[in-house]
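Biologist: I'd like a close look at one part of this protein, the largest pocket, and then a short tour of some residues elsewhere in the chain. Could you walk me through it in plain terms?

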Amino acid sequence: MSEDSKKLSSLERVEQAARDLGLDIVIKRMEQSTRTAEEAANAAGCAVGQIVKSLVFVNAETHGLTLLLISGAHNADTAYIATTYGLRLKRADIDRVRDETGFAIGGVGPIGHRVKLPVFIDESLLGYDQVWCAAGRPDSIFACDPKTLAEKTGAQIIRVKAA
């Protein structure tokens, strides 16, 4: 990320990242909170499963941050992910998430981070024509095609819980 983009607000970083990736998005600032998947689904008028939770973990082997894009209807089963994909994840400290991504918990978006992160996406999101993502603030969201989001972010498609 350039020095100029580090000076941008979180919303501006998401908009800039979308342009850089060729994602056509419109950020919507909502009257109500979109901090939780349920709140975001109510605000967007969609199913909870269409909400993209951007969860930041620490990779236990590399100690770098890792981004999981997970359906609002799911939780990440880190034991299952470790066993199935060899990806051992630990909870990330909220200060580290803010410092390295530039986003506070509840507003972490799938794009616009201050640092490049490896990205994994919940396969169930790909079953929707449209999903809703945080846009850098706990009151802002944007819609996009999940397949395009996966492609543009270079996300590896995974199952996040045992069937």
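Modeller: Happy to. Keep in mind that this is a predicted model.

Let's start with the pocket. Its volume comes out at about 630 Å³. The lining is made up of 27 residues, and those closest to the pocket centre are Lys53, Ser54, Leu55, Ile105 and Gly106. If you want to trace the walls, look at helix H3 (37–44), strand E2 (51–59), helix H5 (94–101) and strand E6 (131–134), each of which gives at least two residues to the lining. Strand E2 has the largest share, with seven residues. As for chemistry, the lining counts 17 nonpolar residues, seven polar ones and three charged ones. The general idea behind finding such a space is simple: a probe the size of a water molecule is rolled over the atoms, and that shows where empty space is left.

Next, go to the loop between H3 and E2, which is where Gln50 sits. Is Gln50 buried or exposed? Gln50 has a relative accessible area of 17%, and buried means under 20%, so this glutamine counts as buried. Setting aside residues up to four places away in sequence, Gln50 touches Tyr128, Gln130, Val131 and Trp132.

Follow E2 out the other way and you get to His63, in the loop between E2 and strand E3 (65–71). The phi angle of His63 is near 65°, a positive value in a residue that isn't glycine. In general, most residues other than glycine have a negative phi. His63 is partly exposed, at 49% relative accessible area.

Now for the cysteines, which a bench person will probably ask about. How many disulfides does a search of the whole structure find? The count is zero. Take Cys46: the closest cysteine sulfur belongs to Cys133 and is 10 Å away, so the two are too far apart for a bond. Cys133 is in no disulfide either, and its nearest cysteine sulfur, in Cys144, is 4.0 Å away. The cut-off for a disulfide is 2.5 Å between the sulfurs. Both Cys46, at 18% relative accessibility, and Cys133, at 1%, count as buried.

Over to Ser10, which is in helix H2 (residues 10–21). Ser10 is buried, with 16% relative accessible area. A polar atom of the Ser10 side chain lies 2.8 Å from the backbone oxygen of Gly136. Gly136 also turns up among the contacts of Ser10, along with Gly102, Phe103, Ala135 and Arg137, once neighbours within four places in sequence are left aside.

Last stop is Arg159, in the segment after strand E8 (156–158). Arg159 is partly exposed, with a relative accessible area of 32%. Which residues is Arg159 in contact with, leaving aside neighbours within four places in sequence? They are Tyr80, Ile81, Tyr85 and Glu123. With Glu123 there is also a polar contact between the two side chains, at 2.8 Å. For a sense of scale, Arg159 and Ala17 are 142 residues apart along the chain, and their C-alpha atoms are separated by 26 Å.

Note on methods: Residues numbered from 1 in each chain as written. Predicted model: local features only at pLDDT ≥ 70, side-chain atom pairs only at ≥ 80, totals over all residues. Heavy atoms only, no water. 1 Å grid on protein atoms, 1.4 Å probe; cavity = no way out; pocket = protein on both sides within 12 Å on 5 of 7 lines; lining within 4 Å. Points joined across faces, edges and corners; volume = space filled by probe spheres on them. Helix = DSSP H or I, 4+ residues; strand = E, 2+ residues; numbered from the N terminus. Nonpolar A, V, L, I, M, F, W, Y, C, P; charged D, E, K, R; others polar. Buried < 20%, exposed > 50% of the residue type's maximum accessible area, 1.4 Å probe, protein only. Contact = heavy atoms within 4.5 Å. Polar contact = N/O pair within 3.5 Å; in protein donor to acceptor, adjacent residues only side chain to side chain.
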